[in-house]
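Hi everyone, thanks for coming. Please have a look at the structure on the screen, and then I'll walk you through a few places in it.

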Amino acid sequence: MNLFQRNVAILRRCDPELASQVSKVSGGILSVHTAKSGVPTATVKNRAIHSAYDPIREAEQWADHQVKDCQPGEIFVVLGMGLLYHVEALRAKLPQGAVILVVVPEVSELVDGLTVRSLDGWSERVSWLWGEPEQMALQVAQQPQRIRLLTYEPALIIHQGKYDAFRSQLREHLAKSLNGRLHIMVVGPIYGGSLPIAGYVVRALESLGHRVSWVDHSLHDPGFQNLETIRDDRLRLTVQQRFSETLGVISLAHVAEDPPDFVLAMSQAPLSMAVLEQMRRKKVVTAMWFVENFRHLTYWQQMIEGYDFWFVMQQAGCVEAFKNAGASHVSYLPLAADPTIHQSIELTEQERVELEADVSFLGAGYRNRREILPALLEKEWSFKLWGNEWNNAGILTKVLQRNGARIDTPTSVKIFNGTRVNVNLHSYAGEGFDPAGDSVNPRAFELASCGAFQVIDHRTLLPDLFDDAMMGVVKTPEELVRAVRKYLHEPEQRQTMAEESKKRVMMSHTYAHRMQTLLSTMGLACPDRIGGILQGERQAESLLARSQDCQELVPLLRTFPTTDRVELEDMAKIIRQKGPEAQLKREELLLLMMDEYRQEKRDFL
Amino acid sequence: MSRSLLLQLARLGDLIQSLPAISSLHSSLPDQPLDLLCAAPLTSIGKLFSGIQGVYPWEGERWHTFTTQDRVEKQDLIKMAEQYLQDCALPSYALAYNLNNHPRSIVASHLLSDRVVGAGDQGPLNSNIPPWVAYLRQVARERGPNRIHLADAFCGVCGITPPSVTPTIQATHVDLPTDFVQMVNDESVERIGIVLGAGDGDRRVPLTAWRRLIESCIDHLPNSLCLLIGGAGEREAALALEDQLSSQYLSRLLNCVGRTTLPELAHVLNRCEWVVGSDTGPLHLGVACGARAIGWYFSRARVHETGPYGEGYYVWQYQGNSHLEPTGSSDMKRQPQLPSSWPVLETLQLMQDQYSGESPAEWELWNSHRDEWGVFYTNGENSESLFAKRETIWKELSAMTLNQQVFSNSNVIIAG
């Protein structure tokens, strides 16, 4: 019996089906060589999967690094397989009872490993996940324990797509099943496009049952705008910067007073690096949802190391740029709609007179829009132009509504509902459509959520979000008039497409969906600080189950509803409610004492 | 006899002000072993108190760390706290005297003792406070015409009367830095401690005032040596002060700021004839170590509550903040004003025993006395009428204390 056969026999004892598959498949994914230390090592397309010198030592170092963060009671999911040196090393360093699941993206890769390395003595305490990514993800998501993903990066490249799919599916499954309640502090901007999104995010997180503290800096907008009266540019900029820094310190004070599980900042939130560094010193996890075009607004480069998590609305190039700049976690998170705001509504007669049109465009007066939209004038349809920053609009002036005033959200919803064909052109400072245009603007989701029909310019990320059957997509400015004319004459098709787009929003593109994805992403990356809470481990019933060796806590924990999240302050509150005559148990006094010190904030600012 | 514990978790000044209560407790119950629980950095001073058997440190930082650690289960938090208390090896106590009306101190006293005297005596969750603690709180809020010294009120909190003799601290032998030894031990000089330090910024005397005092002392007291006293936080200020002085003064100045441990500081203060400063811990330590005190009291400091404890001391009380005096809590939030002038020459005159009796503008001089009810300050008033007022308060509060119910933590378990 050769090594491979002995390994298959070992595998059969714990996973007969996988053993059977392994016997049927040939390897050849990995090129196996002999390392300087004399043991097998592997490459794929000349890229090293293990050390060419000493793969065992390398694996031990990897395992040492990983186990530093591992906590008892967690389930460990290993991504990246190769010749399994790192799995063996991890097994040796974790306690006997620790559960290790190894994701097998392709059985043929496992075959390569089993041909040259023995499973004897360690693999009996490892479980294998194999099959389609969705099945594997489901299996992991169904585990009751806290999940910790351990990534062996060199081997990920072999089946990168499958691992990405696995992670994405796992996030989705977890997002649906997470029932723990977080305390999230949302820090918004003083003004600007991300301000309404901050509001949608707050509502979405609350709708998911989380406690949200919104640090709404728009309250300070009048004061900030008033600084424009300072005529000297340098003085004004200095004062504006100081103003912004003060708002950052105010945010910090809110964090000190009521510490959240994490801070979610929206683009343009006035959090300086100094404030973010202080938050990190105080172990506050921070995330930024950067809802800007990263090529146009580049301040993220200065802030990149300040946030623990970045969420961006653009994909590959953006994610890569952020990672190259030093971001530790970057994830794609497209924009969305809030169906409680962006919804189908009936306009009053008076509103119809003002807001209804065959064709409308709502947005700011960027250069490309100024050049493209005149083509919609002098046609057989009525055309209304809404929005601000349309100074010197030329021939568009005659269709500009409300004299170019800023349109608030409720009015924009009415305009969307009252327009037969909504034109949605992404902003671009150049001519025509942005050739590098990837992200999809919020208006696309909002129009769809309203059940309003739209003609939109092509974006590379659009097909992942909406089908062609949901909106009219034009690839060049020249196609715009033809598309508008076509759909104006096909009301039934318009309605069908708009309804489909609305269904898609409801199914996948609300801010609640986005927040679920954001939370599960952070939960997977921070299993002990975010993931565990999301999985409900701070809830009374979970705490009770883990308090068996501290029976004195049990009666106290039983006073809480089973699904309530219970923290030190909650327990202290219950103890304090016992009344003035109460004799307290020793554990209760200790909890009170610790709660007193928990409230100490003297060195936060 | 069962042991008892006195808890004083506040700062140096309060710990020193607790000395009369400790002394009086020891006199009235000489056979009852009394231990002290104080802030960890102050245990070395607590060990100098006579009447105290064991001194135990309270490490607030440790408690704070417990609650800010990630990944700690609730039951593990309790185990960590228990472990900490066991490490402290505190014995079991039948009685705790708690001097601070602060939740931490109240909870600590109930954690460590079956019965509590002082703040929290009605139970850890009972908001009723004992008469003497209520009196102190009222004085802190409203000021008013109080003439009971804080240190004596602490005696009242413990259910005893003030000691008949002012207690002092005798420092144990310490090896001082070599450049200190000669100047500190030289019998031919008159040492004047200048306390630069103040925990709160609004109690700091400007360096220019100190410079003038040092120059005046050295100019007019031929055998004088000025010692700058303070902690590490005042190092910069002390260096800046040295910069302002010419070399003729520097030769008769010893900068001890930030260079001594607390026992070393006590040793130095034991050898001072005078100590001058605002209402700070080192000023009170100097007094307890036997130096005669001249306090410069301004900001929220008031001679009647926290004047140097003992007889024959002086306090210059700044009058410019009289608007803060009687009108209740909202006014207390107003920022006190810093004096525009300082009683430099008058302080020198007091040391020379040549004070003419003419107070500088905005300042009023108070002298300390003691009687059966403790220490009090006068500025020429009739002591007898003051005695009657103070006696009435003592008797009323003591009677109220006697009528109180007794709360007991019958199920208390003491670690260690």
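Let me start with a question: is B:E381 buried, partly exposed or exposed? With a relative accessible area of 32%, B:E381 is partly exposed, because buried would need under 20% and exposed over 50%. Do keep in mind that this is a predicted model.

Now look at the partner of that residue. B:E381 forms a salt bridge with B:R147, and their closest N and O atoms are 2.7 Å apart. The two sit 234 residues apart, so to speak in distant parts of the chain: B:R147 is in the loop between α7 and α8 of chain B, and B:E381 is in the loop between β13 and α18 of chain B. B:R147 counts as buried, at 13% relative accessibility.

Let's move to chain A for another salt bridge. The side chains of A:D528 and A:R148 meet at 3.5 Å, N to O. This pair also links distant parts of the chain, with A:D528 in helix α23 and A:R148 in strand β7 of chain A, 380 residues apart. A:D528 is buried, with a relative accessible area of 6%, and A:R148 is buried as well, with 7%. In the whole structure, a search finds 44 salt bridges over all chains.

What about the place where the chains meet? Here 38 residues of chain B are in contact with 39 residues of chain A. The area buried between the two is about 3,500 Å², and carbon and sulfur atoms give 58% of that. How many salt bridges are counted between chain B and chain A? The count is one. It is formed by B:E82 and A:R586, with the closest N and O atoms 2.8 Å apart.

While we are here, find B:Q122, in the loop between β5 and α7 of chain B. At 10% relative accessibility, B:Q122 counts as buried. Among the residues B:Q122 touches are A:P580 from chain A and B:F407 from chain B.

Next, the sheet in chain A. Six strands make an open sheet with parallel pairing, in the order β9-β8-β10-β11-β12-β13. Why is one side of β9 and of β13 left without a neighbour in the sheet? Both strands of chain A stand at the edges, each with a single partner strand, so there is nothing in the sheet on the other side. On average, neighbouring strands are turned by 20 degrees against each other, direction ignored. Helix α11 of chain A packs on this sheet, touching β8, β9 and β10 of chain A, and its direction makes about 170 degrees with that of β8(A). Helix α14 of chain A lies across β11, β12 and β13 of chain A, running at about 155 degrees to β12(A).

Finally, a word on confidence. The mean pLDDT of chain B is 90, and 93% of its residues reach 70 or more. Among the elements of chain B, strand β9 has the highest mean pLDDT, 98, and helix α16 the lowest, 46. Over residues 326–332 of chain B the pLDDT is below 50, and this stretch has 10 contacts in the model beyond near neighbours in sequence. Where pLDDT is low, the predicted coordinates should not be read in detail.

That's my tour, and I'm happy to go back to any part of it.

Terms used:
Residues numbered from 1 in each chain as written. Chains lettered and ligands numbered in written order. Predicted model: local features only at pLDDT ≥ 70, side-chain atom pairs only at ≥ 80, totals over all residues. Heavy atoms only, no water. Pairing = 2+ DSSP bridges. Helix = DSSP H or I, 4+ residues; strand = E, 2+ residues; numbered from the N terminus. Axes fitted to C-alpha atoms, helices over the stretch in contact; angles between N-to-C directions. Contact = heavy atoms within 4.5 Å. pLDDT = per-residue confidence, 0-100. Buried < 20%, exposed > 50% of the residue type's maximum accessible area, 1.4 Å probe, protein only. Buried area = accessible area lost by both parts, 1.4 Å probe. Salt bridge = Lys/Arg side-chain N within 4 Å of Asp/Glu carboxyl O. Lists of a residue's contacts leave out its neighbours within four places in sequence.
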